[in-house]
Amino acid sequence: MLIETDLTGVPVVVVGVPSETGPVVERYERCGAVVSVWDQPAAAGVADVAAAGAGHTGARLAVVVGRARSWPETTGLRKRCIVVEEPAASLSRGRVVLVGAGPGGPGTMTVDAVRALADADVVLADRLASVGDLARFAPGAEIVDVGKRPGHHAVPQREIEALMVERAQQGLTVVRLKGGDPYVFGRGSEEVAAAVAAGLPVTVVPGVTSAVAVPGAAGIPVTQREVSHLFTVVSGHAPLTSEQAASLARLGGTIVFLMGVQNLVPLTSALLAAGLDRDTPAAVVERGLTPDMRSLTSPLGRLAEEAAHARVSAPAVIVIGDVVRQSDVWARRLTVREPSTSGTGTGPGERAQRHTASGPERVEAG
Ligand code: SAH
């Protein structure tokens, strides 16, 4: 449930049975509300919650939770208070929601991702899930940064899973926020398995993956009619074996490496050794879909050298194949249009214009 207002000092009455109200009370208290709870008014001989309780506390906001929504004793509340109803289903038990945040700023989150954050009691966020001011999307939630940052070690995977399970077992809705799509090199399946093993309900909100969206932001379509009818997404975390390089070279189409910047030399060398032409168009797109995005294009034979020269660093996506030529078409489009300075749009076109307005991010080689 989204609570956007600062509720510091605001009296709020929460109505419902304890097994259903716990997380709600916690959430409102975190927003600063002074919460009083009305539990089973009929059992206490109360005919009307508003008359009996909300009046004394001065509450103008009542939250009626789960089965309490059908209690006749809550009827009078509507005359005195703003009444918010919350379903019991998501509250009676904690749950885990794995959410893909997309590769860039908040504009690359899906509507479902935004909704999941608004509903979160706890957010465990990765470094790559850089959606800006997370507290704005998850007001009232406890936000835990489990990502690696310069000078800090990432929280180990097993500890993240343990924390996720522990908080959900406390009855809380835990959002595990991950960069891009949770299932693309994101260890999403391990986290789902941990939630399932703990008997917790778990859902997955897919995200926009950098493998497709980041090349796209640089004007590179991963497929193009009559140019490439397939694309292969490969982890560049470790160098390719010669068999893998040979398979990729034989397969053709577009090759997309994630996590490959540190290994550009061995990756490109392996593909050249496997028979790819030195002149095959290639690109590295750094910090795609963020204001600091840069893209560099170069023939494959010189890509590693050019990227080192331009000091390209992670996160970056490497794209190899004839589709990269399309980035020239895109670049021409950018130069013929007036750069926008309004910065209000969120579509790809708008983003591309803001991108040109902020400086020379496109580096060309060869
Ligand atoms: N689950 C993520 C990928 C995680 S692996 C997804 O679906 O996008 C991390 C790698 O993703 C990085 O090393 C980089 O190759 C890529 N990546 C993620 N965000 C990126 C961005 N904004 N720009 C460039 N590459 C990005």
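A backbone N or O atom of Met259 lies 2.8 Å from an oxygen atom of the ligand. That is one of several close approaches in this predicted model. The report starts at the ligand and then works outward.

## Around the ligand

Two glycines also approach the ligand through their backbones. Gly179 places a backbone N or O atom 3.0 Å from a ligand nitrogen. For Gly288, a polar backbone atom sits 2.8 Å from a nitrogen atom of the ligand. The table sets out the three pairs.

| Residue | Backbone atom to ligand atom | Distance |
|---|---|---|
| Met259 | N or O to an oxygen | 2.8 Å |
| Gly179 | N or O to a nitrogen | 3.0 Å |
| Gly288 | polar atom to a nitrogen | 2.8 Å |

How much of the ligand does the protein cover? On its own, the ligand has 540 Å² of accessible area, and the protein covers 93% of that. Two elements give two or more residues each to the shell: helix H8 (210-217) and strand E14.

In total, 18 residues surround the ligand. The closest are Val184, Thr209, Ser210, Gly288 and Ala316. Sorted by class, the shell holds 11 nonpolar, 5 polar and 2 charged residues. Gly288 thus turns up twice in this account: it is among the closest residues, and its backbone has a polar atom 2.8 Å from the ligand.

## The largest nonpolar core

Now to the core. The largest nonpolar core has 25 residues. Which of them touch the most other members? They are Leu240, Ile255, Phe257, Leu271, Val284, Val312 and Ile320. Several elements give two or more residues to this core. The helices are H9 (242-251), H10 (264-273) and H11 (300-309). The strands are E11 (254-258), E12 (281-286) and E14 (316-320).

Take Val312 as an example. Beyond its neighbours within four places in sequence, Val312 contacts Val261, Val284, Glu286, Arg294, Leu296 and Ala307. One of these partners, Leu296, lies in strand E13. Leu296 is buried, because its relative accessible area is 3%, under the 20% cut-off. Along the chain, Leu296 and Val312 are 16 residues apart. In space, their C-alpha atoms are 8.8 Å apart.

Helix H11 deserves a look too. Its buried residues are Leu300, Leu303, Ala304, Glu306 and Ala307. The cover over them includes H10, E12, E13 and E14. Ala307 is also one of the contacts of Val312.

## Unusual backbone angles

Most residues other than glycine have a negative phi, and most peptide bonds are trans. Some places here depart from that pattern.

After H11 comes Arg311, with a positive phi near 55 degrees. A little further on, the peptide bond from Ala314 to Pro315 is cis, with omega near 0 degrees. Pro315 sits in the loop between H11 and E14.

Leu289 has a positive phi as well, near 65 degrees. Leu289 belongs to the loop between E12 and strand E13 (294-299). Is Leu289 buried or exposed? It counts as buried, because its relative accessibility is 12%, under the 20% limit.

Phe185 gives another case, with phi near 45 degrees. Phe185 lies in the loop between strand E8 (173-178) and helix H7 (188-197). Phe185 is partly exposed, with a relative accessible area of 42%.

## Two buried helix residues

Arg167 lies in helix H6 (residues 157-169). Is this arginine buried or exposed? At 15% relative accessible area, Arg167 is buried. Not counting residues up to four places away in sequence, Arg167 touches Val122, Glu142, Leu172 and Val174.

Thr21 is placed in helix H1 (residues 18-30). Its relative accessible area is 3%, so Thr21 is buried. With neighbours within four places left aside, Thr21 contacts Val14, Val15, Gly16, Val37 and Val65.

## The whole protein

The protein has 13 helices and 15 strands. Of its 366 residues, 48% are buried. Among contacts with a separation of 6 or more, 64% join residues 24 or more positions apart. The protein exposes about 17300 Å², and carbon and sulfur atoms supply 55% of that area.

Note on methods
Residues are numbered from 1 along each chain as its sequence is written. This is a predicted model: local features need pLDDT of at least 70, side-chain atom pairs count only at pLDDT 80 or more; totals for chains, interfaces and linings use all residues. Side-chain values use heavy atoms; hydrogens and water are left out. A nonpolar core is a set of buried Ala, Val, Leu, Ile, Met, Phe, Trp, Tyr and Cys residues joined through side-chain atoms within 4.5 Å. Buried means under 20% relative accessible area, exposed over 50%, partly exposed in between (1.4 Å probe, protein chains only). Helices (H or I, at least four residues) and strands (E, at least two) are DSSP runs, numbered from the N terminus. Contact means heavy atoms within 4.5 Å. A residue is near a molecule or strand if one of its heavy atoms lies within 4 Å of it. A polar contact is a pair of N or O atoms within 3.5 Å; within protein, one must be able to donate a hydrogen and the other to accept it, and residues adjacent in sequence count only if both atoms are side-chain atoms. Accessible areas come from the Shrake-Rupley method with a 1.4 Å probe; for residues, only the protein chains shown count as cover. Ala, Val, Leu, Ile, Met, Phe, Trp, Tyr, Cys and Pro count as nonpolar, Asp, Glu, Lys and Arg as charged, and the others, Gly among them, as polar.
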